[in-house]
Amino acid sequence: MNQPREVVIVGAGPAGVGMAALLRRSAIQDILVVDSHEVGASFMRWPEETRFITPSFFSNPFGQPDLNSVTPDSSLALFCGEEHPGGKTYASYLKVVLDEYQIPVMAPARIAKVALLSSGNFILTTEAGEKLETRSLIWATGEFQFPDRLIFPGADICCHYGDVTSWKDFRKGEYIVIGGYESAVDAAVNLLENGSSVKMLTRSAPGQLTTSAIPVCRFPLIPVSV
């Protein structure tokens with residue numbers, strides 16, 4: 001095992017990459033980003049038709065040149081020339097940010113165990129048995145790669161949004177989409193565009209769901225039309 005790192009960030013999505021860039025801008029040099037797959041892995045798995053809802057543009061009140069950027073000196077819109085880029089484009093942008101800030105990435109490397117030492121440092125053990133010691137640990141993994149497939153009885157036999165490569169692979173038919181946020185609406189719209197009949201199963205109007213688990217039998221059916 002090498003000397004302890006100053007900072008290890010687990011997760012190479014926008015949160016992890018943005019935090020790594022911020023720390024580098026704050027004069028912290030010893031930073032390592034670790035990911036179980038690759039940089040921007042969740043975005044690489046987006047369905048081909050999925051696009052950012054929030055447009056990339058240059059004028060906004062948040063101090064960033066672009067609403068979808070992860071650093072104040074970069075712009076996704078300038079990088080790709082699109083207002084609503086797809087997942088693979090965004091993953092490429094994240095890789096460029098890491099390259100520009102010269103931040104090393106360890107991938108693929110899945111963390112199997114984290115332990116706290118008496119010194120206050122952390123020990124991370126990968127599935128391959130490699131150990132990393134760090135003074136500071138930032139966990140920046142998202143939910144997309146770790147879907148809850150047991151959230152209700154029968155969920156394990158449903159098709160999760162994260163498993164979709166392209167909505168063109170779905171034959172024309174009748175579908176029920178469970179959920180009411182961006183992924184559910186995106187699924188419904190793409191299935192409708194393929195000529196399918198779609199209903200959304202939600203606890204309330206789309207976009208107004210609570211996070212508490214409710215038995216599926218209590219969900220009202222909301223027909224969707226375009």
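## Close-up views of a predicted model

Going from the N terminus, the chain's elements come in the order β-α-β-α-α-α-β-β-β-β-β-α-β-β. That makes 5 helices and 9 strands. What you're looking at is a predicted model, so keep that in mind as you go through the views. Of the 226 residues in the chain, 39% are buried. The chain exposes about 13,000 Å², and carbon and sulfur atoms supply 54% of that. Among contacts with a separation of 6 or more, 52% are between residues 24 or more positions apart.

**View 1. The open sheet, strand by strand.**
Here is a sheet of 6 strands, open, with mixed pairing and the order 3-2-1-6-5-4. Its edges are strand 3 (105–106) and strand 4, each of which pairs on one side only. For a parallel pairing, look at strand 1 (residues 5–10) and strand 2 (residues 31–34), joined by 4 bridges. A handy landmark there is V8, whose bridge partner in strand 2 is L32. Helix 1 (residues 14–25) packs on this sheet, touching strand 1, strand 2 and strand 6. The direction of helix 1 makes about 160 degrees with that of strand 1.

**View 2. Helix 1 and what covers it.**
Zoom in on helix 1 and you'll find 12 residues, reaching 16 Å from the first C-alpha to the last. That is close to the 16 Å expected at 1.5 Å a residue. Which of its residues are buried? They are G16, V17, G18, A20, A21, L23 and R24. The cover over these buried residues includes strand 1, strand 2, helix 4 (87–100) and strand 6. A general point helps when reading a helix like this: an α-helix has 3.6 residues a turn, so residues three or four places apart point the same way. After helix 1 comes A27, with a positive phi near 75 degrees.

**View 3. Strand 5 and its two hairpins.**
Strand 5 (residues 122–126) is mostly covered, with 4 of its 5 residues buried. On one side, strand 4 (residues 111–116) runs antiparallel to strand 5, and 5 bridges join them. You can spot this pairing by finding V114, which stands opposite L124 in strand 5. The hairpin of strand 4 and strand 5 has 5 residues between the strands, and G120 in this hairpin takes a positive phi near 95 degrees.

Now turn to strand 6 (residues 131–139), which pairs with strand 5 in the antiparallel sense over 4 bridges. The marker for this pairing is F122, with T134 as its bridge partner in strand 6. Strand 5 and strand 6 form a hairpin too, with 4 residues between them. The turn holds G129, which has a positive phi of about 95 degrees. As a general reminder, in a regular strand the side chains alternate between the two faces of the sheet.

**View 4. An aromatic cluster around W46.**
The structure holds 10 aromatic pairs. One of them is F43 with W46, a tilted pair at 5.1 Å centre to centre and 50 degrees between the planes. F43 and W46 are both buried. W46 also pairs with F52: the ring centres are 5.2 Å apart and the planes sit at 50 degrees, so this pair is tilted. Both W46 and F52 are buried. Zoom out a little and you can trace one aromatic cluster formed by F43, W46, F52, F79, Y90 and Y93.

**View 5. C80 and its contacts.**
C80 is found in helix 3 (residues 76–80). What does C80 touch, leaving aside its neighbours within four places in sequence? The contacts are P85 and T89. For another reference point, try S56: S56 and C80 are 24 residues apart along the chain, and their C-alpha atoms are separated by 9.8 Å.

**View 6. Helix 5 between its neighbours in sequence.**
Helix 5 (residues 182–193) has 12 residues, which should span 16 Å at 1.5 Å a residue; its end C-alpha atoms are 16 Å apart, so the two agree. Buried in helix 5 are A184, D186, A187, A188, N190, L191 and L192. Those buried residues pack against strand 7 (174–178) and strand 8 (197–201). Following helix 5 is G195, with a positive phi near 90 degrees.

How values were computed. Residues are numbered from 1 along each chain as its sequence is written. This is a predicted model: local features need pLDDT of at least 70, side-chain atom pairs count only at pLDDT 80 or more; totals for chains, interfaces and linings use all residues. Side-chain values use heavy atoms; hydrogens and water are left out. Buried means under 20% relative accessible area, exposed over 50%, partly exposed in between (1.4 Å probe, protein chains only). Two strands pair if DSSP finds at least two bridges between them. The expected span of a helix is 1.5 Å times one less than its number of residues. Contact means heavy atoms within 4.5 Å. Rings of Phe, Tyr and Trp (its six-membered ring) pair if their centres lie within 6.5 Å; planes under 30 degrees apart count as stacked, over 60 as edge-to-face and the rest as tilted. Axes are lines fitted to C-alpha atoms, for helices over the stretch in contact, and angles run from 0 to 180 degrees between N-to-C directions. Accessible areas come from the Shrake-Rupley method with a 1.4 Å probe; for residues, only the protein chains shown count as cover.
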